[in-house]
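The following exercises are to be worked with the sequence and the coordinates at hand. Each task is followed by a solution in steps.

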Amino acid sequence: MTKDHRPKARAAKGFRDIGPDEIRGIRAMLAKIQGVYESYGFEPVEQPFVEYTDALGKFLPDQDRPNAGVFSFQDDDDQWLSLRYDLTAPLARYVAENSQKIPTPYRSYRQGWVFRNEKPGPGRFRQFMQFDADTVGSASPAADAEVCMMAADTMEALGLERGQYVMKVNSRKTMDAALLAAGIDAHADPERRLIVLRAMDKLDRLGLDGVRALLGKGRKDESGDFTKGAELDPKAIETIAAFLSARSDGDNAQTIANLENVIRLDTANDGLAELRAIADLASQSGYGQDRILIDPSVVRGLEYYTGAVFECELLMETKDEEGRTVRFGSVGGGGRYDDLVARFTGQQVPATGFSIGVSRLYSALKLVGKAEESATLAPVVVLVMDKAAQGDYWRMVQELRSNGIRAEMYVGTAGMKAQMKYADKRGAPLVIIQGGDEKAKGEVQIKDLRLGAELSQGIASREEYASQRLAQFSVPQAEMVAAVKKALAQS
RNA sequence: GCCGCUGUAGCUCAGUUGGUUAGAGCACUAGAUUGUGGAUCUAGGGGUCCCCCGUUCGAGCCGGGGCAGCGGUACCA
């Protein structure tokens with residue numbers, strides 16, 4: 001291949017490779033989450049990455065932009081297929097397709113990669129992993145409460161402490177009631193509803209005044225970009241602001257009373273009653289407001305939620321690139337989606353669920369030192385000094401392995417010096433050396449690379465460096481395993 | 001989509017008012033060592049200066065257009 005045509009070696013934009021430390025850490029984390037979900041009686045299910053496009057939602061690709069948001073493509077039969085963008089829509093399809101076999105309420109969990117065809121940002125990728133748990137077939141607030149309690153338990157199983165996380169709960173129904181109190185009919189004016197919900201969603205980032213601007217005329221951000229507002233009148237804006245400010249941190253019942261005061265409509269009681277039921281179930285089960293908190297500012301992604309919505313927020317503080325103190329923020333969310341299954345069957349099947357953003361949660365655990373990283377020690381490397389004697393080296397690694405020691409024989413073709421470099425780069429704690437001399441004496445040399453690196457710090461001259469064989473010693477071959485174990489235990 | 005910043009070696013970057021053969025550090029390879037990584041020294045390999053057009057005797061540098069990357073913002077089922 002000529003130089004001109006060499007492809008550039010790079011991962012596709014928004015995609016990334018994951019190395020051994022993170023893989024091991026994430027595996028350990030996933031196992032703990034799974035342990036909690038299993039203990040609650042949830043059942044695993046695994047689904048394909050690809051679904052028929054129409055099964056995923058209203059995203060039939062249009063001719064101009066067939067890939068807006070989702071990755072879509074056509075197969076040999078001209079069927080439109082898409083990569084799943086979350087785990088909820090495929091679950092709804094699964095339940096609709098298997099409704100005869102599945103017991104209801106059906107409680108399931110699954111973990112997997114999802115794909116979004118949108119611009120990646122810092123910490124945001126086009127492929128990422130979610131870990132979901134859902135209860136399908138129960139309209140009871142008990143199902144919502146259970147999901148919230150399970151999420152709270154999961155955070156603690158992962159090592160987070162009380163006060164480092166909180167499960168926030170709100171309801172789409174109370175939000176719509178607040179909109180009605182502000183003079184917006186959610187059904188009659190869905191577009192304005194979306195604008196208002198989007199504005200409410202930005203409370204965290206912009207503060208109450210920023211949200212007020214977005215509810216009114218609009219807002220210009222630092223980059224000079226102008227976001228058009230919802231054009232509400234001042235009274236309506238204050239109604240929404242009062243709704244957002246209704247949270248009482250110490251007392252969910254007080255929050256709900258405040259909301260009732262803002263909404264002041266008899267018809268709003270559905271949402272409030274559900275919130276009250278969730279709050280009561282949580283507190284009766286021993287989950288205080290420090291774990292499950294009614295918070296009217298939770299909005300969540302907009303489309304399919306129909307009732308309760310949840311967000312799991314981490315409260316630990318961290319520094320961003322500019323040194324400002326920020327809270328870690330959301331690591332998961334969910335809510336009630338009573339209409340998703342009905343898209344397939346025509347029959348309403350109430351459902352609720354919660355989704356964890358795996359990578360984000362993992363970063364958070366790393367931040368507070370609760371991630372299990374590098375728990376696996378690199379292997380002991382047996383050098384190949386004499387290619388004719390490979391059988392000897394092979395038996396040595398087998399002996400080490402059968403004694404529970406991670407070990408490998410060098411399988412390249414390079415000389416000893418390069419093999420040492422390999423072992424070093426590999427992070428090997430020890431190398432085993434047996435050349436002709438040692439073999440004649442029935443011995444092996446064991447070299448401790450980490451100790452050697454430490455000792456070499458003080459060496460300044462070439463003579464001193466070359467004259468020493470730092471941190472290595474000989475033992476009879478029969479004692480190799482015992483000596484290796486001892487050396488590994490020391491470091 | 002919109003706004004801003006940046007494109008020079010594998011990586012991080014320097015490069016004067018436009019002037020010969022484009023540099024450094026790190027990384028890599030080899031030697032100093034019969035069989036030794038990590039300290040030190042020496043040598044070496046590695047370049048479409050993002051692309052195209054223009055200005056000029058002459059462009060990494062100036063002008064125009066494009067592309068890519070990063071950051072912010074919007075959207076995010």
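**Exercise 1. Classify Glu-231 in this predicted model as buried or exposed, and describe its backbone.**

Step 1. The count of C-beta neighbours of Glu-231 inside 10 Å is 12. A residue is exposed if 12 or fewer other C-beta atoms lie within 10 Å of its own, so Glu-231 counts as exposed.

Step 2. Glu-231 is located in the loop between β9 (226–228) and α8 (234–244).

Step 3. Its phi is positive, about 60°, although Glu-231 is not a glycine. For context, most residues other than glycine have a negative phi.

**Exercise 2. Determine where Asp-78 lies and whether it is buried or exposed.**

Step 1. The loop between β3 and β4 contains Asp-78.

Step 2. The phi of Asp-78 is near 65°, which is a positive value in a residue other than glycine.

Step 3. Within 10 Å there are 6 other C-beta atoms, and Asp-78 is therefore exposed.

**Exercise 3. Describe the open sheet of 3 strands and give its strand order.**

Step 1. The order is β2-β4-β3, and the pairing is antiparallel. As a general point, strands of a sheet pair through backbone hydrogen bonds.

Step 2. At the edges are β2 (50–52) and β3 (72–74), each of which pairs on one side only.

Step 3. On average, neighbouring strands of this sheet are turned by 35° against each other, direction ignored.

Step 4. Between β2 and β4 (residues 80–83) there are 3 bridges, and the two strands run antiparallel. Glu-51 has Ser-82 in β4 as its bridge partner.

**Exercise 4. Identify the conformation of the peptide bond from Thr-104 to Pro-105, cis or trans.**

Step 1. Omega for this bond is near -5°, and the bond from Thr-104 to Pro-105 is cis. In general, most peptide bonds are trans.

Step 2. Pro-105 belongs to the loop between α3 (88–97) and β5 (106–115).

**Exercise 5. State which domains are assigned to chain A and how far apart their centres lie.**

Step 1. The domain assignment gives domain 1 as 12–172 + 263–367 and domain 2 as 380–490.

Step 2. The C-alpha centres of domain 1 and domain 2 are 49 Å apart.

**Exercise 6. Analyse the open sheet of 5 strands, including the helix that packs on it.**

Step 1. The strand order is β15-β14-β16-β17-β18, with mixed pairing.

Step 2. Its edge strands, β15 (407–409) and β18 (472–476), each pair on one side only.

Step 3. From one strand to the next, the twist averages 25°.

Step 4. Helix α13 (residues 390–402) packs on the sheet and touches β14 (380–382), β15 and β16. The direction of α13 makes about 170° with that of β15.

Step 5. Strands β16 (residues 430–433) and β17 (residues 443–448) pair in the antiparallel sense over 4 bridges. Opposite Val-431 stands Lys-447 in β17.

**Exercise 7. Find which residues touch the most other members of the largest nonpolar core.**

Step 1. The largest nonpolar core has 94 residues, and those touching the most other members are Cys-148, Met-167, Val-169 and Ile-240.

Step 2. The greatest contribution to this core comes from α4, with 9 residues.

Step 3. Leaving aside residues up to four places away in sequence, Ile-240 touches Ala-178, Ala-182, Val-196, Met-200 and Leu-215.

Step 4. Another core, of 23 residues, lies apart from the largest one; among its members are Met-396, Met-420, Ala-423 and Val-431.

**Exercise 8. Assess the confidence of the prediction for chain A and for the complex.**

Step 1. Chain A has a mean pLDDT of 88, and 90% of its residues reach 70 or more.

Step 2. Among the elements of chain A, the lowest mean pLDDT (65) is that of helix α17 (residues 462–467), and the highest (97) is that of helix α4 (residues 141–157).

Step 3. Residues 1–5 have a pLDDT below 50, and beyond near neighbours in sequence this stretch has 1 contact in the model. Where pLDDT is low, the predicted coordinates should not be read in detail.

Step 4. For the complex, the predictor gives an ipTM of 0.81 and a pTM of 0.89.

Terms used:
Residues numbered from 1 in each chain as written. Chains lettered and ligands numbered in written order. Predicted model: local features only at pLDDT ≥ 70, side-chain atom pairs only at ≥ 80, totals over all residues. Pairing = 2+ DSSP bridges. Axes fitted to C-alpha atoms, helices over the stretch in contact; angles between N-to-C directions. Domains from an automatic or database assignment. Buried ≥ 20, exposed ≤ 12 C-beta atoms within 10 Å, placed from the backbone. pLDDT = per-residue confidence, 0-100. Contact = placed C-beta atoms within 7 Å. Core = buried A, V, L, I, M, F, W, Y, C linked by C-beta atoms within 7 Å.
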